[in-house]
Structure formats: C-alpha cells, structure tokens
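Please look over the sequence and the three-dimensional model shown here before reading the report.

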Amino acid sequence: MFKKIDTILLTAKTITTMLIIICAVASLAVGVSLAVLINWVYFIVIFVGWIFCFLFWVFTNLLISFLCDIKLIRNKLYGINNEHLKEFLDSYEGLKTDSNEEIENKTVSVELAQLQILFYDGLINEEEYNRRKDELTK
C-alpha cells in the first residue's frame, strides 16, 4: 500500500523537474524570438519566465519534501523501514537521520555534562559524581 505512494512521490518529483526545465527553455526561446523579431525589450520575458520557474521549483520541492516528511513519520509509526524511499531521499542530504546508537551516545553525553555541572556547583559530592558517572559509562 505504502510503496505506491512512494512511487507517486518520485513520479511527481520527476514530472515537476521536467516541467521546470521545459518552462525555462520555452521562456528563453520565446524571449529571444520576441526580442529579435519585435523589440529588444522583450528580453524581459526570459527573466520573468526564469523567475516563475525558480518559484515553481522552490514551492514544489517544499511540498514534496513536506509530503516525504509525513511519509517518514507514518513509516516510523507503523514500524516500516524507509529503504524503498532511498531513491527519493538521496537527493535530500538534510533528511538523513541519526542511528539509535548515535542518539544514545548524545543522550549519555548530555547527562554526563549535567552531572559535571552538579558536581562543580557543589550539589553532589565526589562519591556521588563518580558513582553516577560509572553508571552512565557502562
């Protein structure tokens, strides 16, 4: 069921990319043609077309990445791995997630830092500090 949605996301991304390229080439061709045939002022058609293409690209990428985020959250809720989204996610480097081990290491580091602050502030003694530190680093 979910793999079909992944295919639709990938297809939507491919189609919008092709439409943006076609739009950019068309605005270039129309702008140059009008400028040569009528007046040089029509070169502005190129820039207006490219601005439109850029805005279209930004909004479609935001929408598709938003839908992908929703998909990733849903997969996590249902316990489905995201391996079949690999093609799609490779183009978005910022979506890479930490492994459970990396998250656990970050949590232990934060707890050790908090423990050290408690010790330096005099809220716990050295014995308590060493005992808790040993518990965290096991």
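The report below takes up the overall architecture, a nonpolar surface patch, one threonine and a group of charged side chains.

## Overall architecture

The model is predicted, and the protein in it has five helices and zero strands, so that, in keeping with how helices and strands are assigned from DSSP runs, the elements read α-α-α-α-α from the N terminus on. Of the 138 residues of the protein, 20% count as buried. The protein exposes about 10600 Å², and carbon and sulfur atoms supply 67% of that area.

Contacts between residues 24 or more positions apart make up 51% of the contacts in the protein that have a separation of 6 or more.

## The nonpolar patch

A nonpolar patch of about 1200 Å² lies on the surface, and its members are Leu-28, Val-32, Val-36, Leu-37, Ile-38, Trp-40, Val-41, Tyr-42, Phe-43, Phe-47 and Trp-50. Two helices, H1 (2-37) and H2 (44-78), each supply at least two residues of this patch, and the largest share, four residues, comes from H1.

Val-36, one of the patch residues, lies in helix H1. With a relative accessible area of 64%, Val-36 is exposed, because that class begins over 50%.

## A buried threonine in helix H1

Is Thr-16, which also has its place in a helix, buried or exposed? Thr-16 lies in helix H1 and has a relative accessible area of 14%; Thr-16 is therefore buried, since the limit for that class is under 20%.

When residues up to four places away in sequence are not counted, Thr-16 touches Phe-56, Thr-60 and Ile-64. A polar atom of the Thr-16 side chain also lies 3.0 Å from the backbone oxygen of Lys-13.

## Salt bridges in helix H5

Side chains of opposite charge can pair when their charged atoms come close. The structure holds three salt bridges, and a network of such bridges links Glu-128, Arg-131, Arg-132 and Glu-135.

Which residues does Arg-131 pair with? Arg-131 forms a salt bridge with Glu-128, in which the closest N and O atoms are 2.7 Å apart, and the side chains of Arg-131 and Glu-135 meet in another, at 2.6 Å from N to O. Because Arg-131 and Glu-128 are three residues apart in helix H5 (residues 126-137), about one helical turn separates them; Arg-131 and Glu-135 are four residues apart in helix H5, and so they too are separated by about one helical turn.

Glu-128 has a further partner, in that the side chains of Arg-132 and Glu-128 meet in a salt bridge of 2.8 Å, N to O. Arg-132 and Glu-128 both lie in helix H5, where they are four residues apart, about one turn of the helix.

## Accessibility of the charged residues

The residues of the network are each assigned a class of exposure by relative accessible area. Arg-131, at 41%, is partly exposed, and Glu-135 counts as partly exposed at 48% relative accessibility. Arg-132 is likewise partly exposed, at 32%, and Glu-128 also counts as partly exposed, with 23% relative accessibility. Glu-128 is therefore not classed as buried at this value, because the buried class is reserved for residues under 20% relative accessible area.

Notes
Residues are numbered from 1 along each chain as its sequence is written. This is a predicted model: local features need pLDDT of at least 70, side-chain atom pairs count only at pLDDT 80 or more; totals for chains, interfaces and linings use all residues. Side-chain values use heavy atoms; hydrogens and water are left out. Patches are made of residues with over 30% relative accessible area and no salt bridge: like charges are joined within 9 Å, nonpolar side chains (Val, Leu, Ile, Met, Phe, Trp, Tyr) within 5 Å. Accessible areas come from the Shrake-Rupley method with a 1.4 Å probe; for residues, only the protein chains shown count as cover. A salt bridge is a side-chain nitrogen of Lys or Arg within 4 Å of a carboxyl oxygen of Asp or Glu. Buried means under 20% relative accessible area, exposed over 50%, partly exposed in between (1.4 Å probe, protein chains only). Contact means heavy atoms within 4.5 Å. A polar contact is a pair of N or O atoms within 3.5 Å; within protein, one must be able to donate a hydrogen and the other to accept it, and residues adjacent in sequence count only if both atoms are side-chain atoms.
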